[in-house]
Amino acid sequence: GVSVMFGSVRVFAAVRGDGEASVTTPRFPLGRTGSYQLELEVDGYTLQGTNAFEVTSVAVSGLEPSAGSVAGGTTVTVLGTSFDVAAEVSCVFTRATVLSTNYDRSGASLVAGTTVTSTMALCQSPPQPGPGMSAVSVGFDGASSDFSTGLPFEYTRVPRVLSLAPSSGLYTGGNVVEVLGSDFVRSFDLSCRFGLRGNVAAVWKSSTRVSCAAPARGGGNVTVELSNNGVDWTSDGNQYAYSVASIVDVRPLSGSVNGGTEVTVVGSNFDAGSDGVYCTFAVTRVDALVASPSLVLCTSPPSTR
């Protein structure tokens, strides 16, 4: 038979062909990292070589996001080193008995995850009965694994959006909207979302009020939701209406072929803060002045006909 010694541990190998065999590494004790000398034994004969096998420990270096609601279901990206892409990964969310580093493993929740690369895994946070701190660690090949040292993950209450003020604005965006609700968390990832893809940073005012600038988009109604961690969003359905500029009258309707006629455009939702407002005469565009939300002034150019 063929076997390989990893230090003092023997593992039998599978012969694949002439001069080739494969072997599965044994489980190494927690903390026993470093180089292990390899010895190959074939039919009772030991072949000593200069090859060494390097053992590294699983380590967690970051969590994205590092907080989620007590409802659970947050997809947490676990960053680290030496993740085994061929093994089943498990994440342990260990509840803190107090808001400190005193983690009680008797209340730990073990959840299955997905290994993406040797430095990244994904896990979904389990629900918790109330807000507080947990530690997230990872292990491989089941609950008997030696788990990494954990990193803190904060459970927060589920936020709610109750109202928007104002609840409408111009399609050009920039309108500062006050979002009123409950359980808003002062965090780097605090965000508002206008529609499905209009994510903007939010400014925390209190646990019941944040503000965010509406992004530019086409006219119509969109749902505004909020996220404390940039991943999980509320689903309260408050609507924000985008209004589009419209023209109802142009005065006068004619002018000299040489241009120079002062033209008044009457309408609604004209935005003086827009980056460039123009009037277009046939194919010629000229600068315009927004006199009010309902009036735009421009001067006709010479005729091109």
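A salt bridge, as the word is used here, is a side-chain nitrogen of Lys or Arg within 4 Å of a carboxyl oxygen of Asp or Glu. With that in hand, let's look at this predicted model, which holds 4 salt bridges.

Start with Asp236 and Arg160, whose closest N and O atoms sit 2.6 Å apart. Asp236 belongs to the loop between strand S22 (220-227) and strand S23 (238-243), while Arg160 is part of strand S15 (residues 160-165), so this pair ties together parts that are 76 residues apart in sequence. As for how much of each residue shows, Asp236 is partly exposed, at 26% relative accessible area. Arg160 is partly exposed too, at 41%.

Now for a little network: Glu178, Lys205 and Arg209 are linked by salt bridges. Glu178 pairs with Lys205, at 3.6 Å from N to O. That contact joins distant parts of the chain, with Lys205 in strand S20 (residues 203-206) and Glu178 in strand S17 (residues 176-182), 27 residues apart. Glu178 also forms a salt bridge with Arg209, and here the closest N and O atoms are 3.1 Å apart. Again distant parts of the chain are linked: Glu178 is in strand S17 and Arg209 in strand S21 (residues 209-213), 31 residues apart.

How exposed are the partners of these acidic residues? Here are the values for the basic side of each pair.

| Residue | Relative accessible area | Class |
|---|---|---|
| Arg160 | 41% | partly exposed |
| Lys205 | 36% | partly exposed |
| Arg209 | 34% | partly exposed |

Definitions and conventions. Residues are numbered from 1 along each chain as its sequence is written. This is a predicted model: local features need pLDDT of at least 70, side-chain atom pairs count only at pLDDT 80 or more; totals for chains, interfaces and linings use all residues. Side-chain values use heavy atoms; hydrogens and water are left out. Helices (H or I, at least four residues) and strands (E, at least two) are DSSP runs, numbered from the N terminus. Buried means under 20% relative accessible area, exposed over 50%, partly exposed in between (1.4 Å probe, protein chains only).
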